[in-house]
Amino acid sequence: MGIFDNAVPGGNISKPLLIALGAVLVGKMFSGGSSQPAPTPANPQTADNGNAAGGGGLLGGLGGLLESLTNAGHGETADSWVKPGENKPIAPNELGVALGKKAISEIAQQTGMSEDELLAQLSKVLPGVVDKLTPNGQVPTTQQIASLLKTSS
């Protein structure tokens, strides 16, 4: 699976989970014809860094995810995923509150997973995946993340 080989417990990500990661991190579904592409900036030099204001689809990309976690009281956990050092875990129910019922419902529907299974899987893989995507403590652009996810499938 490339970049995520040692980011995920067990070393592999199922197709539904890859779709879920795409939805959470770039707002894109990677399943055949049901894609929701993130907006492409007119000038690549001003590409968003994943913030909700800069596009990124469902949750505003990685920056939107980190902001949602912070707003839900899990900023320290999210910071541990971005910064060097040990990644703090997040419980599935806490992740669900941070992501919001609507987002979880939409992602679960697209992946064919139950909401509980989706949250259980995401809570296991997100810390390692976010850590891998931010090796220098920098949040990559939505387009950079989309490119990594496409090459990892």
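Let me start with confidence: among the elements of this protein, α3 has the highest mean pLDDT, 94, and α6 the lowest, 74. pLDDT is the predictor's confidence in each residue, from 0 to 100. Elements here are DSSP runs, numbered from the N terminus: helices are H or I over at least four residues, strands are E over at least two.

So, a word on the source. This is a predicted model, in which local features need pLDDT of at least 70, side-chain atom pairs count only at pLDDT 80 or more, and totals for chains, interfaces and linings use all residues. Residues are numbered from 1 along each chain as its sequence is written, and side-chain values use heavy atoms, with hydrogens and water left out.

The protein averages a pLDDT of 75. Of its residues, 68% score at least 70. Over residues 29-57, pLDDT stays under 50. The model has 60 contacts beyond four places in sequence for that stretch. Contact means heavy atoms within 4.5 Å. Where pLDDT is low, the predicted coordinates should not be read in detail.

Now the overall picture. What is the secondary structure? Six helices and zero strands. The order from the N terminus is α-α-α-α-α-α. The protein has 153 residues, and 46% of them count as buried. Buried means under 20% relative accessible area, exposed means over 50%, and partly exposed is in between, with a 1.4 Å probe and protein chains only. Take the contacts between residues at least 6 apart in sequence: 64% of them join residues at least 24 apart.

Next, the core. In soluble globular proteins, nonpolar side chains tend to be buried together. Here, the largest nonpolar core has 34 residues. Leu-25, Leu-65, Leu-122 and Leu-126 have the most contacts inside it. At least two residues of this core come from each of α1 (15-26), α2, α3, α4 (101-111), α5 and α6 (142-152). A nonpolar core, by the way, is a set of buried Ala, Val, Leu, Ile, Met, Phe, Trp, Tyr and Cys residues joined through side-chain atoms within 4.5 Å.

On to helix α5, residues 115-133. Where does α5 bend? At Val-125, by about 40 degrees. That bend is the angle between axes fitted to the seven residues ending there and the seven starting there. A proline, Pro-127, follows within four residues. The buried residues of α5 include Leu-122, Ser-123, Val-125, Leu-126 and Pro-127.

What sits around Pro-127? Start with Trp-81, in helix α2. Trp-81 and Pro-127 are 46 residues apart along the chain, yet their C-alpha atoms are separated by 5.4 Å. Is Trp-81 buried or exposed? Trp-81 counts as buried because its relative accessibility is 0%. Beyond four places in sequence, Trp-81 is in contact with residues including Leu-69, Ile-90, Leu-126, Pro-127 and Val-130. The side chain of Trp-81 also reaches the backbone oxygen of Lys-88, at 2.7 Å.

Ser-80 is in α2 too. Ser-80 is buried, at 10% relative accessibility. Ser-80 and Pro-127 are 8.3 Å apart, C-alpha to C-alpha, and 47 residues apart in sequence. Not counting residues up to four places away, Ser-80 touches Gly-85, Glu-86, Asn-87 and Lys-88.

Then Ile-90, in the loop between α2 (61-82) and α3 (92-99). Its C-alpha is 8.1 Å from that of Pro-127, across 37 residues of chain. Ile-90 is buried, with a relative accessible area of 5%. Beyond four places in sequence, Ile-90 touches Leu-69, His-74, Thr-77, Trp-81, Leu-95 and Ser-123.

That brings us back to α5, through Ser-123. Ser-123 is buried, at 10% relative accessible area. Outside its neighbours within four places, Ser-123 is in contact with Ile-90, Ala-91, Pro-92 and Leu-95. Its side chain reaches the backbone oxygen of Ala-120 at 2.9 Å.

Last stop: Thr-111, in helix α4. Why does Thr-111 count as buried? Because its relative accessibility is 11%. Thr-111 is in contact with Pro-16, Ile-19 and Ala-20, leaving aside neighbours within four places in sequence. A polar atom of the Thr-111 side chain lies 3.2 Å from the backbone nitrogen of Met-113.

Note on methods. Polar contact = N/O pair within 3.5 Å; in protein donor to acceptor, adjacent residues only side chain to side chain.
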